[in-house]
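Take a look at the chain below. Find the strands before you follow the helices.

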Amino acid sequence: MEYMLDTVCLNSIEKYMNVVPIKGITSTPSIIKREGKIDFIPHMKRTLEIIGDDRTLHMQVVAKELEGMIDDAKRIWNQIGEEVYVKIPASKAGLNALSILKKEHANCRITTSAVYTKLQAFLALESGADYVAVYTNRSENIGIDPFDIISSATEYTKRNALNGKIMASSIKNAMQITEAIESGADAVTFSPAILEDFFDLAATKQAIEHFTSDWENLYQTKNI
C-alpha cells in the first residue's frame, strides 16, 4: 500500500515522512494554491530532493487542450525530472495525450487523474497509465460510488495482466482511506490535515493518559 500526501508544503513533507510510511507526494494547482504563489520549478525540484528516490512525485498538467497537455508534460519532465509522474485528466484530450506520450516514450510516467467512471479507468489502464486516480470524495459528493470503481478497476488490471496501479485521491477523511484500501486501492492520497485529525483521536489519547497514570501510581516515574 502506498500512502501519499496531497501537499507541496516542504515542512509538512519533511515532518510526516518521519512519522508515517509516506510513499509519494501529489500536487495540483488547487493544492499549490494553499501555499501561495511559490517559485514553482525550484520548489518542485526541492520536493524531489527531499522525498528521495524511494518515493514518487505526481504533478498535474494545467492545459485543457491536447497540445498544451503534451507541452506541460514535457516541460515537467525536462525542467523538474523524468522521474515525475505527470497527472493528465481522463478527458478526451487527456486520454489522447496519454496514448501519444506512451507511444513516444513507453517508460514515461503518467498518472491519469480526474477519474469518475469505470470506463475512464479501464481506458486509461489499457492506454498504459501507471496510476489511475479515482476522485473519491468528489465522486461521493455527486452520488457516484468511488469504491465500486476502485474495486472494478483493480479487478480489471488483474484480469488483463496490466501494470497500472489504482489510486484513491481527493480523500477528505480517515473512513474514506480505510474503505479505499479495503476496496483494493494500491495507493491513497490525503492532506496532512487528515493525519492531524487522526492523531488527535480522543480515545487513543485517553488510553495513553491511563497508561501513564497507572505507571506513575505504581512507580512514581513517567518512564520505564
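This report goes through the barrel, the helices on it, and one pair of helices.

The model is predicted. Eight strands close into a barrel here. Their order is β1-β2-β3-β4-β5-β6-β7-β8, and the pairing is parallel. From one strand to the next, the twist averages 25°.

Where does the barrel bring β1 and β8 together? Strand β1 (residues 2-6) and strand β8 (residues 187-190) pair in the parallel sense, over four bridges. Glu2 stands opposite Ala187 in β8.

Next come helices and the strands they meet. Helix α5 packs on the sheet, where α5 touches β4 and β5. Helix α6 lies across β5, β6 and β7. The table lists the residues and directions.

| Helix | Strands | Direction |
|---|---|---|
| α5 (residues 92-104) | β4 (85-89), β5 (110-115) | about 145° with β4 |
| α6 (residues 118-126) | β5, β6 (131-135), β7 (165-171) | about 170° to β5 |

Now turn to a helix pair. The axes of helix α1 (residues 10-17) and helix α3 (residues 40-51) come within 11 Å. They cross at roughly 10°. Angles under 35 degrees count as roughly parallel, so α1 is roughly parallel to α3.

Which residues make the contact? From α1 come Leu10, Ile13, Glu14 and Met17. From α3 come His43, Arg46, Thr47, Ile50 and Ile51. How do the residues of this contact divide into nonpolar, polar and charged? Five are nonpolar, two are polar and two are charged.

Note on methods: Residues are numbered from 1 along each chain as its sequence is written. This is a predicted model: local features need pLDDT of at least 70, side-chain atom pairs count only at pLDDT 80 or more; totals for chains, interfaces and linings use all residues. Side-chain values use heavy atoms; hydrogens and water are left out. Axes are lines fitted to C-alpha atoms, for helices over the stretch in contact, and angles run from 0 to 180 degrees between N-to-C directions. Helices (H or I, at least four residues) and strands (E, at least two) are DSSP runs, numbered from the N terminus. Angles under 35 degrees count as roughly parallel, over 145 as roughly antiparallel, 65 to 115 as roughly perpendicular and the rest as oblique. Contact means heavy atoms within 4.5 Å. Ala, Val, Leu, Ile, Met, Phe, Trp, Tyr, Cys and Pro count as nonpolar, Asp, Glu, Lys and Arg as charged, and the others, Gly among them, as polar. Two strands pair if DSSP finds at least two bridges between them.
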